[in-house]
Amino acid sequence: MDLAVVLPPEIVEKIFSHLQLRDLLACSEVSVSWYKHVSNVRLWRPFVRGDEKYWLQKYQSKECNNITSNFDDESRGLNAIITADTLLPVNRYKNAIRQRNIIKHNWSHGIFESRTLMPQSCGLKAFSRIEVEYPSLAPQDCLYHPILGTSENGEEGLYLIRLDAEPRIVYKLVENMNGVDAEEFVVCVMRDYVVWVLGVTVQCLALQNGLENSKVQTVGTVCDNEYIFLTMDIDNIIAWSHEWVYVWDKETFELRLHRDLSPETTIRNVCKSDGIIIISLFQYNKQVSTVEVTNISSNIEILHEFELDGRIIDVMCSKDFILFHFYSNGVDRLEGRNKITGELHFLRTFPSGVFDSNVTQVFDSLFIYRSKFVGSVEFDIARPEADVEFRLPLPFNSIKYLFENMLLGINWLMEGRCVEFFVWDWVKNIKLNMQSFSFTMFNINESRLIALDEEGVLRVIAYG
């Protein structure tokens, strides 16, 4: 007797809702009736990350939400999902999970396609690097990459490249970049929004309605400053310097928050998460940091404010907590505080030199601390009672987050060229594979490594 046929659908759904992902996948292979029950989107939604849930609901029919593969071989890349036959309408949550699993498999086994874009093929003389900020590393959030291009007459412009199977320039964002310091120029890209600051003007290209219906718009103006930082979340555009911070609504460009600071105070960090913004200030005269946690999801409201004795190095957020990494009197302090109440939940200290350490978030409340003194240390800010786990010093200069159990270890030469990187399973503490390249700059997201090589050729190393 097939219970999936006999029992009411709501009872079958309740039973299946207690399964883990691996078991859910196995059940979908039992029979046609089980496949139909298991394809219920409500069963797959809990296994999708919070930010992906929002995008999958809001952008179901948008081009930017489609799976884009860089593989010609339909059996290896994301084409396996695109071309798969199905008995039911597409389950977008299931596809998002399948997409991540294929990409994780390709990273761990060294399966990739290498694509190139030469400036000459675009009618340009050369490409030049600029700083590109990707607030989200999900593949659909990183379909575009801005780059400086120099024409034959020496004029520089800002161009937008779409990272399809054949990368190509699709838009000229700024006609003339001559006189702009590329070292201080930053562009922020998140799904169908591209934002940059030109002089004191914040500009945006919104691509929700397709390239042919899009044009560059002015978001607002900021105070002049040598160093300007940009980031975004689902609903807001954020620009900040060491002296001020601005927050605009992403769709209407309405200014929602503006702060100017006194000369004796500087902004050390601005971090956003789930409708809140964390502004970390440093007061030189007191040598203390002040943290403001503000709700920006609806009405602007400061949730809580507190002081930390020292200078903040970095701030990161998990689902329920905020991690503060700061330096005070010869030690590194790691404090985990409740995101809503500000109450101290986690505290660890490590001996350190001056700013020689860093922290990488590997999964929600799990982090890895690294320094020359103690090597690498794994800790969970949601479980302060658990002992930290020490690991051996890692044989690479820096690490980047890829997936829940995977980090990318990178080795650099002194002149700034990347020579090799390792895919590292930090849970098992093993190297999965190693690749060697020579780049002058690169950006990493979950499905691609985007790089400019020594000859000025843009290279896309695609894992999906």
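**Two sheets, two cores and a few residues**

Strand 2 and strand 4, the latter covering residues 144-150, pair in the antiparallel sense over 3 bridges. That is my way into this model, which is a predicted one, so please keep that in mind as we go through it.

Let's stay with that pair for a moment. Phe127 stands opposite Gly149, and Gly149 belongs to strand 4. Stepping back, the sheet here is an open one of 4 strands, in the order 2-4-5-6, with antiparallel pairing. Its edges are strand 2, at 126-128, and strand 6, at 168-174, and each of these pairs on one side only. From one strand to the next, the twist averages 45°.

Now for the other sheet I'd like to show you. Here 5 strands form an open sheet, ordered 3-7-8-9-10, and the pairing is mixed. Strand 3 (131-133) and strand 10 (216-221) are the edge strands, each pairing on one side only. Ignoring direction, neighbouring strands of this sheet are turned by 25° against each other on average.

Inside this second sheet, strand 8 and strand 9 (residues 201-206) run antiparallel and are joined by 6 bridges. One partnership to look for on your screens: Tyr193 has Ala206, in strand 9, as its bridge partner.

While we are in strand 8, which spans residues 193-198, have a look at Leu198, which is found there. Is Leu198 buried or exposed? In fact, Leu198 is partly exposed, at a relative accessible area of 25%; that value falls in between because buried would need under 20% and exposed over 50%. Leaving out residues up to four places away in sequence, Leu198 touches Val174, Met177, Val180, Phe185 and Gln203. Leu198 also sits 9.5 Å from Thr221, C-alpha to C-alpha, with the two 23 residues apart in sequence.

Just before strand 8 comes a loop, and Arg191 lies in it, between strand 7 and strand 8. Arg191 is buried, with a relative accessible area of 4%. What does its side chain meet? The side chain of Arg191 makes a polar contact with the side chain of Asp141, at 2.5 Å.

On to the packing. The largest nonpolar core has 32 residues, and those touching the most other members are Leu158, Leu160, Leu173, Val187, Val194, Trp196 and Leu205. Several strands each supply at least two residues of this core, among them strand 4, strand 6, strand 7 (186-190) and strand 8, as well as strand 32 (448-453) and strand 33 (458-462). Which strand gives the largest share? That would be strand 5, with 4 residues. There is also a second, separate core of 20 residues, including Cys188, Ile228, Met232 and Trp248.

Let me finish with two backbone curiosities. Most residues other than glycine have a negative phi. Phe253, however, has a positive phi near 65°. Phe253 is placed in the loop between strand 13 (244-249) and strand 14 (255-260), and is buried, with a relative accessible area of 14%. Asn329 also has a positive phi, about 50°, without being a glycine. Its loop runs between strand 20 (321-328) and strand 21 (331-338), and Asn329 is exposed, at a relative accessible area of 72%. So there we have a positive phi in a buried residue, Phe253, and another in an exposed one, Asn329.

Thanks, everyone, and I'm happy to take questions.

Technical notes. Residues are numbered from 1 along each chain as its sequence is written. This is a predicted model: local features need pLDDT of at least 70, side-chain atom pairs count only at pLDDT 80 or more; totals for chains, interfaces and linings use all residues. Side-chain values use heavy atoms; hydrogens and water are left out. Buried means under 20% relative accessible area, exposed over 50%, partly exposed in between (1.4 Å probe, protein chains only). Contact means heavy atoms within 4.5 Å. Two strands pair if DSSP finds at least two bridges between them. Axes are lines fitted to C-alpha atoms, for helices over the stretch in contact, and angles run from 0 to 180 degrees between N-to-C directions. A nonpolar core is a set of buried Ala, Val, Leu, Ile, Met, Phe, Trp, Tyr and Cys residues joined through side-chain atoms within 4.5 Å. A polar contact is a pair of N or O atoms within 3.5 Å; within protein, one must be able to donate a hydrogen and the other to accept it, and residues adjacent in sequence count only if both atoms are side-chain atoms.
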